Amino acid sequence: EEQRGARELAKSLKGWYDREQGGFMMRSSEDAQQIVDGIVKELTKLGVKVKEEHNEDDVLMREDEKESLIEESQDLTTTIVSSTSDGAKVVIRIEDAKENLQELSSTYKSVTRSRGFLSDLNRALGNNESGTESHYFNFENADGDIITIRTSNHNANSDNFENGANAISIVVKSRRAPNSFKGDNKVNLTEYVYFKESIVEADGNVLSEIADSINGLLSNGKFVDKTGIAVINRVTEKSLVGPRELRKQMAERVNELAD
């Protein structure tokens with residue numbers, strides 16, 4: 001029971017249990033101490049006497065382990081890397097993110113209220129910042145391609161991605177605002193837009209299925225929209241299909257025919 005409670009507390013602090021190390025791995029000594037305090041508290045409730053002391057060298061996340069985690073963040077085959085608004089790097093193991101997405105999917109079963117979903121999605125992917133501003137998460141798929149997952153409440157702009165990027169943009173809009181998607185053929189970008197009213201009118205599992213779709217992306221490097229209701233904006237190296245660009249091309253074609 002104590003072990004299960006400790007696992008839950010570690011998970012809430014974005015830590016994990018490492019069987020090889022035989023203990024909980026945390027991102028800071030403060031988080032590690034919080035784990036210790038939580039276990040002591042639970043054991044005390046059960047009437048178990050606990051000697052509350054520890055050696056500084058025995059803190060579950062030592063500085064050398066912390067440095068190792070930072071180095072590991074460069075290995076995008078096993079981790080997802082994002083950044084906070086102040087530029088701090090955030091790292092989460094892909095397997096942990098997949099487990100978080102499974103829980104998120106269960107939480108949003110039969111839920112049609114989209115408020116708060118983006119923040120919960122960002123947390124599942126390792127970034128605890130609240131709000132609906134754009135967040136970018138990077139990982140490497142089995143083919144060796146770096147994939148960027150963007151989450152936001154507004155359309156993407158290709159200028160915000162590096163040239164040659166492979167990106168999936170997930171947008172949840174509270175109202176059916178004009179499509180401001182901006183594409184560029186230097187970026188392989190596909191955007192899936194979900195509108196509040198469409199989510200409400202659907203079968204009640206749209207938000208859950210978005211989490212499942214992202215989980216599939218982490219598993220096999222391919223995003224398949226399970227909802228069937230997304231409005232899709234897409235740019236590849238061979239095509240420009242953003243609405244504005246399409247209207248421009250159509251107008252130019254009409255002018256050519258008129259001439």
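Helices (H or I, at least four residues) and strands (E, at least two) are taken here as DSSP runs, numbered from the N terminus. Just after one such helix, α5 (117–124), Gly126 takes a positive phi of about 105 degrees. The model is predicted, and local features need pLDDT of at least 70, side-chain atom pairs count only at pLDDT 80 or more, and totals for chains, interfaces and linings use all residues. Residues are numbered from 1 along each chain as its sequence is written, and side-chain values use heavy atoms, with hydrogens and water left out.

Helix α5 is mostly covered, with six of its eight residues buried (under 20% relative accessible area; exposed is over 50%, partly exposed in between; 1.4 Å probe, protein chains only). These buried residues are Phe117, Leu118, Ser119, Leu121, Asn122 and Ala124. Their cover includes β4 (89–93), α4, β5, β6, β7 and α7.

The largest nonpolar core (buried Ala, Val, Leu, Ile, Met, Phe, Trp, Tyr and Cys residues joined through side-chain atoms within 4.5 Å) has 31 residues. Ile80, Leu101, Leu125, Tyr194, Ile214 and Leu218 touch the most other members. Among the elements that each supply at least two residues are α4 (94–107), α5 and β8 (188–195), while α7 gives the most, with seven. A second, separate core of eight residues includes Phe161, Ala167, Phe181 and Leu189.

Strand β5 has a covered face of His135, Phe137 and Phe139 and an uncovered one of Tyr136, Asn138 and Glu140. In a regular strand, side chains alternate between the two faces of the sheet. Strands β5 and β6 form a hairpin with five residues between them, and Gly144 in the turn has a positive phi of about 85 degrees.

Definitions and conventions:
Two strands pair if DSSP finds at least two bridges between them. Contact means heavy atoms within 4.5 Å.
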